[in-house]
Amino acid sequence: SSGHHGMPAETNTKPEGMEGDMDLQFLLQGGDLLKVRSSSWKKTRYFKLQEDCNTMWHESKKTFKTNQTFSLADISAVRMGRQSEGLRKYTGEQVEGRCFSIIFKARRKNLDLIASSEEEAKQWVNSLQKMLSIINNLTAQQKTEHWIVSCLRKADKNEDDKLSQSEVKNFLRLINIEVDDVYAEMLFKKCDKSKSGYLAGEEIRHFYDLLTHREEIVVIFGEYAKTTGYMSPENLVEFLMKEQREKATLADAHQIIEKCEPDENAKQKKLLSKDGFLMYMHSPDALVLNSDHREVYQDMSHPINHYFISSSHNTYLMEDQLQGPSSTEAYIRALLKGCRCVELDCWDGSDDEPVIYHGYTLTSTILFKDAIQAIKEYAFKTSDYPVILSLENHCSVEQQEVMSHHMRSILGSALVTSPLGDSMPTEFPSPEELKGKFLIKGKRLNKLEASFAAEAEAADDTNVTEEEESNDEDEDKKEENQSKKKKLKMAKGLSDMVIYCKSVHFNGFEDARKNLSFYEMSSFKEGKALELAEESANAYIRHNVDKLSRIYPAGIRTDSSNYNPVPLWNAGCQIVALNFQTSCSDMDVNQGRFLVNGKSGYILKPAYMRDRGSEFDPITLTRGDWLKHKTLHVMVISAQQLPKVNEKKSSIVDPLVKVQVYGVPDDVAEKETNPIDNNGFNPTWNENFQFDVYVPDLALVRFAVEDYDTTSDNEFVGQFTLPFNSLKMGYRHVPLLNKNGDVVPSAGLFIHIMVLDAE
């Protein structure tokens, strides 16, 4: 094959075993699709997959100027049918079978498309989904290669499969390395064995090897590869037990060699080469997150108020709180991130259809029934455990009846409309018992006990009103001087759906203990909650042993900014609601807290936060079961392939790493490395930090990489947050997540961790 003589054989772009694949052929050939933007804007575009098998390209029929591309790696999902808001709004049911949507990971707008036939729509969806699953299943090592190869192709300006010296410089910049000309020339000469003035074939491979050389891994490998430059299974077991603090057997070692060794000869001899060792060090088992904690590993049979619950505030908003769009897509995104408590702000809409939006603002509206439909479809894709629908109700009694009708008809038997047992419950059911169920949180006309009393039979069916105290977010949005007491006007049908989460006003811990039932819960504005968490943390913890508490961001956060959830978790609050649509360290910490236990959205609180007589106080930290003083030793060794922060070609990162501990006040700490100039490809720090952690159960560790800037704030490059108790020891790779919480392919940190009992 003369066309490819320059490139090493392994860099074939077609994913392995797909050469003759029909789906791939279909995408490479491409075809016309109707792109939908509004009821009037529907235009034909030609879509096809480019030869690199990674970039989708489309052009408009009229002008050939508007060619646009996106990478398959940017797609988060391909959905068949009229599932997106745009398609529901702008197309009729008769085209249902011909529609599909491409949903992207970042904030990019969905692509809504209509094919010319149902068959063709199916073909597009199946082919794209197949390619996505292949891309997602590439091992980390293949991803690295994949990445280098696509960069090589971009750098090779004249497409002759050879790189000239200026193309090499281009290539280095693409992979985020600034080299001065002297170094570039040296590296180039070293590789240009044929002295031809360009690199081809093996020389490119050599160049790549020099670039991907990991000195720190070679050193570790050398320590244990005692004999012939290979690790025997015995050597590997010694490494795993001594360095990684793993319980490892020879059988484990054999399995690792079988799985990770790329060199067939070494594999036959049951040996691990340096490349195999590098592959193992990048495998999920060798990451900093304890792989046992990826699955549900906690006891899920405690009452739900004994768990921290992943919760979202004003879930319907995509951006800010004043004029941004409301969207069912926002519910889908939060649910797919494992959120288990979503909020619906309901208002009277036209044609007797209630709508959702942020009242008294310019945010756009969505239909209540569309939101419920989207929630039903996506509620249990990431987690099987129950979803709480927090209703913020501003509707007339008539439209409340419509709400209750929609919830009953759409959610059906998944909606909890009566207590699980036959008798009046005395505590919450467990996440396990509520799998696949929806709970409604809202106001209720009477006590739940009333429906079990004999007189209940005689009760009259009309809409009752009872005196009620104002609380909840709607009240602080309107500053009118209403008297505190007002009549609650409520549809009985809606009131009767509120079983385990009845919203009531909070009048102090004493009052709650005496007068409130377990299912009566209060919402606290962050400021009030923080005050309680600081001044009466122990009382708050005890309150939360029996009841649920929901915290929400202050009204002044109109930009959808967040607050730090940790102090509220420390006080035992379960439903700490954050703006899921906002990227910030508070959301990183939330994602880190709920990263484990199978991303179920439920994390069991420590035993001393589930005990009515608990003496635990996170502020004063008196002696008790919670004190398990540890020292955490972190060595930040190196990073690999950090993404460029901005697209301007010349900007190479000057990375530094921050290691932050979140937890009880005594545990909160932050240390950072020095910045490395102009190297995002393989910066090395070898800096050691030590932290004291007194309450490990409540601590989280965040690794953040920033681009150092002398004149302004450092820019965010990537981060990873995980619970302290889920850290693995030894030499570990740390994946990096971008602002949206998605994994940055090929990038990572390499660290060494040791946790010791403090004397």
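Me: Which residues does UniProt place under the feature "binding site"?
Reply: The UniProt record, an unreviewed entry, puts that feature at I652, D654 and N678. UniProt positions follow the numbering used here, feature names are shortened, and annotations may be inferred rather than shown by experiment. Before we go on: this is a predicted model, where local features need pLDDT of at least 70 and side-chain atom pairs count only at pLDDT 80 or more, while totals for chains, interfaces and linings use all residues. Numbering runs from 1 along each chain as its sequence is written, and side-chain values use heavy atoms, leaving out hydrogens and water.

Me: How do you know that I652, D654 and N678 gather at one spot?
Reply: They span 27 residues in sequence, yet no two of their C-alpha atoms are more than 6.7 Å apart, so they do gather at one spot.

Me: Why is D654 called buried?
Reply: Buried means under 20% relative accessible area, exposed over 50%, and partly exposed in between (1.4 Å probe, protein chains only). D654 has 18%, so it counts as buried.

Me: And what makes N678 partly exposed?
Reply: Its relative accessibility is 32%, so it lands in the partly exposed range. N678 sits in the loop between strand 25 (669-672) and strand 26 (684-693); strands (E, at least two residues) and helices (H or I, at least four) are DSSP runs, numbered from the N terminus.

Me: What makes the link from D654 to N678 a polar contact?
Reply: The side chain of D654 reaches the backbone nitrogen of N678 at 2.7 Å. A polar contact is a pair of N or O atoms within 3.5 Å; within protein, one must be able to donate a hydrogen and the other to accept it, and residues adjacent in sequence count only if both atoms are side-chain atoms. At 2.7 Å, the pair is inside that cut-off.

Me: How do you know that strand 11 pairs with strand 14?
Reply: Pairing takes at least two bridges found by DSSP. Six bridges join strand 11 to strand 14 (residues 387-393), and the two run parallel, with E343 opposite S390. Two bridges join strand 11 to strand 12 (residues 355-356), running antiparallel, so that meets the cut-off as well.

Me: Why is strand 11 called largely enclosed?
Reply: Seven of the seven residues of strand 11 (residues 341-347) are buried, so the rest of the structure largely encloses it. Both faces are covered: C341, E343, D345 and W347 on one side, V342, L344 and C346 on the other.
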